[in-house]
Amino acid sequence: QGAKEGRVKITDEITAVVLRVNGKTARVTFEFGRGGEDIKHHLRQVGVMPLPPYIKKPADQVDTQRYQTVYAQKEGAIAAPTAGLHFTDELLDRIKEKGVIIKKLTLHVGCGTFKPVICEDIEQHEMENEYYEISDDTTNELNRAKSEGRRIIAVGTTVTRALEGSAASMSRKGARPACRTGRGKSKRLVSEGQEDNTIKSGSGKTSIFIFPGYKFKVIDALITNFHLPKSTPLMLTSAFSGLELLRKAYAGALNADYRFFSYGDAMFIM
C-alpha cells in the first residue's frame, strides 16, 4: 500500500523493483548481487519480526520465538494469529487429556486484518483476500463433530474466517450477511451460490467480512483477544457474542487491568 514505485535499495546485495498495478496493489521483483537469489535467506539476515504498530518497541530476538504460535508451521502470514499465542505445548496436552480433539488449519493473516473500518456504512468496507488451507483430515473431523452435535471451538478470528468462508459457497467478493446500516435501514447482500454448513477441504482465498447480523454456520464457541476499536476482528467478535455482552466483557477487562491486543489477554465466548 502507498504510492512508491521504482527501484528501492534494500541492502548492498538486494534491490526491489516496485511496479504499481493499480491504486491498491503493486508487483515487486528483486535483483540480487553476489548473495544468490534466495530472498527468504536474505530476509532472515536483514529483516526483523513485523510487530503490530501499537507495540512501541523494536523487535528483538525474543520476538522471533514469542510472536509465533507453538504450532506454527507454514510461512506466509504478515502477523501471528494472536489468540493462539496463549497456548503452550503443555497446555495443549492437558486439553487433549480432557478429551478435546485438536485440529489445525492455515490462514495467512494479511494486511486487510489490520485495515480499520472508516466508512459510515459498514457494508461499504471491503475485506482483502486471505489465503487458507484446510486438510481432508481436519475437514472430516469437523463435519463429523457437527453431525454428532459436538461443539466446535475456534481459536481466533483467523480460524473463524477460514471455516466460515469455506462453509459458504461465496462469490469473489465474499459473503456479506444481513445487517442494519447506520441509517436504520435493513439491507441484505447475498453472495452467489448456495450456502450450507458443510466445511470444504482444500485451499483458496477468502474475503468474507463478518459483522453483526451474520449467521454463523460452523463455530459454536470462540477464543479471541481484546481487539482494537473499529477493527474487523472486533466486529466479528461482536457478531458472535452480541454487542451488549461484548461491552460487558470489555468493561470487566478494563476494570481488572487486563492487557489488550496482540500480547494481551484473551476471552472464551461460549
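This text leads through the sheets, helices and two loop residues of a predicted model.

The chain can be entered near its start, with two strands. Strand β1 covers residues 6-9 and strand β2 covers residues 14-20. They pair in the antiparallel sense, and 4 bridges hold the record of that pairing. Within the pair, G6 stands opposite V18 of β2. The connection from β1 to β2 is a hairpin through 4 residues.

Further along the chain comes an open sheet. This sheet has 3 strands in the order β4-β5-β9, and the pairing is antiparallel. The edge positions belong to β4 (106-107) and β9 (202-206); each has a single partner strand, so one side of each is left without a neighbour in the sheet. Strand β5 is made of residues 130-134 and pairs with β9 in the antiparallel sense over 5 bridges. To find this pairing in the model, the reader can look for E130, which stands opposite T206 in β9. A helix also belongs to this part of the picture: α5, residues 157-167, packs on the sheet and touches β4, β5 and β9. The direction of α5 makes about 75° with that of β5. A general point helps when viewing any sheet: in a regular strand the side chains alternate between the two faces of the sheet.

Helix α5 also leads to another helix. The axes of α5 and helix α6 (residues 232-241) come within 10 Å, and they cross at roughly 70°. An angle from 65 to 115 degrees counts as roughly perpendicular, and therefore α5 is described as roughly perpendicular to α6. The crossing of the two helices is left-handed. On the α5 side the contact is made by T157, T160 and R161, and on the α6 side by P233, L236 and T237. Sorted by class, the contact of α5 with α6 has 2 nonpolar, 3 polar and 1 charged residues.

From α6 the reader can move to another open sheet. Its 3 strands have the order β6-β10-β11, with mixed pairing. Here β6 (153-155) and β11 (266-269) stand at the edges; each has a single partner strand, so one side of each lacks a neighbour in the sheet. Neighbouring strands of this sheet are turned against each other by 15° on average, direction ignored. Strand β10, residues 221-225, pairs with β11 in the antiparallel sense over 4 bridges. One place to see this is N225, whose bridge partner in β11 is A266. Helix α6 packs on this sheet, where it touches β10 and β11. The direction of α6 makes about 150° with that of β10.

Two loop residues remain to be described. K230 is placed in the loop between β10 and α6. The phi of K230 is near 65°, which is a positive value in a residue other than glycine. K230 has a relative accessible area of 57%; exposed means over 50%, so K230 is exposed. D257 lies in the loop between α7 (243-255) and β11. The phi of D257 is near 60°, again a positive value in a residue other than glycine. With a relative accessible area of 68%, D257 is exposed.

To return to the helices, α5 packs on the sheet with β4, β5 and β9, α6 packs on the sheet with β10 and β11, and the axes of α5 and α6 come within 10 Å.

How values were computed. Residues numbered from 1 in each chain as written. Predicted model: local features only at pLDDT ≥ 70, side-chain atom pairs only at ≥ 80, totals over all residues. Heavy atoms only, no water. Pairing = 2+ DSSP bridges. Contact = heavy atoms within 4.5 Å. Axes fitted to C-alpha atoms, helices over the stretch in contact; angles between N-to-C directions. Parallel < 35°, antiparallel > 145°, perpendicular 65-115°, else oblique. Left-handed = near helix turned anticlockwise from the far one by under 90°. Nonpolar A, V, L, I, M, F, W, Y, C, P; charged D, E, K, R; others polar. Buried < 20%, exposed > 50% of the residue type's maximum accessible area, 1.4 Å probe, protein only.
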